[in-house]
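Work through the exercises below with the structure open beside you. Try each task before you read its solution.

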Amino acid sequence: MNLMEACGAISATRNSHAPRSVLVSTMSAMFAFDELGDRHRRIDSVPLMGGAVCLALGISLARPDIPVIAVDGDASLLMELGGLVSVASARPAWLIHVVINNAVQFNGAVNMTRPGCSPRCEFAAVASAAGYTRSFTFTSFSALQAALPRLLTEPQLVMVELQIEPDAQSIGADRTQPYVPDDQFDRMRNAIPVLRAALSNDHHQSERG
C-alpha cells in the first residue's frame, strides 16, 4: 500500500460517509491530500510538528458530534508520543487517529530511516497500552478500504496504523532540495478561520433545524 492509495481511500470515504468530519493532516499526508484536492474542513499541523493528534483532540472535545480524523506521520508522532496518553485520558467521543507508518523521515525526499525500526515500534500496540479504546493495523489497501466506512461512522477513539511503502527518494548528491515557499508554514493560520466558519455554520443550522 502506498501513501496516495491510503490517503485517497480516506478522502473518498470521508466525502461519501462522513462529509461533516474534520481532517487534521501533517507531514507527507498533507501533500497527498493537496494532490487529491481534499481541502474540505481540513487543517494542517504545520508548523506544529508532532502535534496533529493533540490538535485533533481539541477539535474533537469541542465538537463531539462529528468525527475528527488525524492523519499523522510515524516520525511526527514519535516527537510527541506522550500525546497518546493525553488523548486517551481525555476520552474524546469520536476521534480516528491514523498513523502513516513508512519507517522513514522526510518521505520522498531523503528517506532517512526513523528511530523505532529495529526493534520495531508497534504504534497500534502503544496506543492500546496508552488507553485507546480500539486499535488496528492494516497492511493491505483492500483491507483498509473495506474497514474505513465503519471506522468513520461509528463514534469511537481508535488508532489506525497503516503499513505504507515509502515514496521514492527525490533528493541526493546530484538532486538538490527544491525551494520550500514560506506559505507552507502558514497553513494552520490560514485554515483556522475557514474551519471555524464551517463549524459555526453547523451550529447555526442545528439551532434552526
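**Exercise 1. Locate two prolines and describe the bonds before them.**

This is a predicted model. Start with Pro47, which sits in the loop between strand S2 (42-44) and H3. The peptide bond joining Val46 and Pro47 is cis. Its omega is about 15°.

Now go to Pro119. This residue belongs to the loop between strand S6 (112-113) and H6. Ser118 and Pro119 are also joined by a cis peptide bond, with omega about 0°.

**Exercise 2. Find out which residues of helix H5 are buried, and where they lie around the axis.**

Step 1. Take helix H5, residues 83-90. Its buried residues are Gly83, Leu84, Val87 and Ala88.

Step 2. Look around the axis. The buried residues cover an arc of only 135°, which puts them on the same side of H5. Recall the general rule: an α-helix has 3.6 residues a turn, so residues three or four places apart point the same way.

Step 3. Identify the cover. It includes helix H3 (52-62), helix H4 (74-79), strand S4 (95-101), helix H6 (123-130) and strand S8 (157-163).

Step 4. Step past the end of the helix. Arg91 follows H5, and its phi is positive, near 55°.

**Exercise 3. Describe strand S3 and its partners.**

Step 1. Check burial. Six of the six residues of S3 are buried.

Step 2. Sort the residues by direction. Val68, Ala70 and Asp72 point one way. Ile69, Val71 and Gly73 point the other way.

Step 3. Pair S3 with S1. The two strands run parallel and are joined by four bridges. Val22 stands opposite Val68 of S3.

Step 4. Pair S3 with S4. This pairing is parallel too, over six bridges. Here Asp72 has Val99 in S4 as its bridge partner.

**Exercise 4. Map the largest nonpolar core.**

Step 1. Count. The largest nonpolar core has 29 residues. Those with the most contacts inside it are Val22, Val24, Ile43, Ile59, Tyr132 and Met159.

Step 2. Ask which elements supply at least two residues each. They are strand S1 (22-25), H3, strand S3 (68-73), H5, S4, H6, S8 and helix H8 (187-208). H3 gives the most, with six residues.

Step 3. Zoom in on Tyr132. Set aside residues up to four places away in sequence. Tyr132 then touches Val53, Leu84, Val87, Ala88, His97, Ala127, Leu157, Val158 and Met159.

Step 4. Look beyond this core. Another core, of 27 residues, lies apart from it. Among its residues are Ala9, Ala18, Phe138 and Val160.

**Exercise 5. Decide whether Leu157 is buried or exposed, and list its contacts.**

Step 1. Place Leu157 in strand S8.

Step 2. Apply the cut-off: buried means under 20% relative accessible area. Leu157 has 3%, so this residue is buried.

Step 3. Leave out neighbours within four places in sequence. Leu157 is in contact with Val87, Ala88, Pro92, Ala93, Leu95, Tyr132, Thr133 and Arg134.

**Exercise 6. Contrast Met27 and Arg41.**

Step 1. Read the backbone angles. Phi of Met27 is near 50°, a positive value in a residue other than glycine. Arg41 also has a positive phi, near 50°.

Step 2. Find their places. Met27 is in helix H2 (residues 27-36). Arg41 is in the loop between H2 and S2.

Step 3. Judge accessibility. Met27 is partly exposed at 29%, whereas Arg41 is buried at 12%.

Definitions and conventions
Residues are numbered from 1 along each chain as its sequence is written. This is a predicted model: local features need pLDDT of at least 70, side-chain atom pairs count only at pLDDT 80 or more; totals for chains, interfaces and linings use all residues. Side-chain values use heavy atoms; hydrogens and water are left out. Buried means under 20% relative accessible area, exposed over 50%, partly exposed in between (1.4 Å probe, protein chains only). The arc is that of the directions from the helix axis to the C-beta atoms. Contact means heavy atoms within 4.5 Å. A nonpolar core is a set of buried Ala, Val, Leu, Ile, Met, Phe, Trp, Tyr and Cys residues joined through side-chain atoms within 4.5 Å. Two strands pair if DSSP finds at least two bridges between them.
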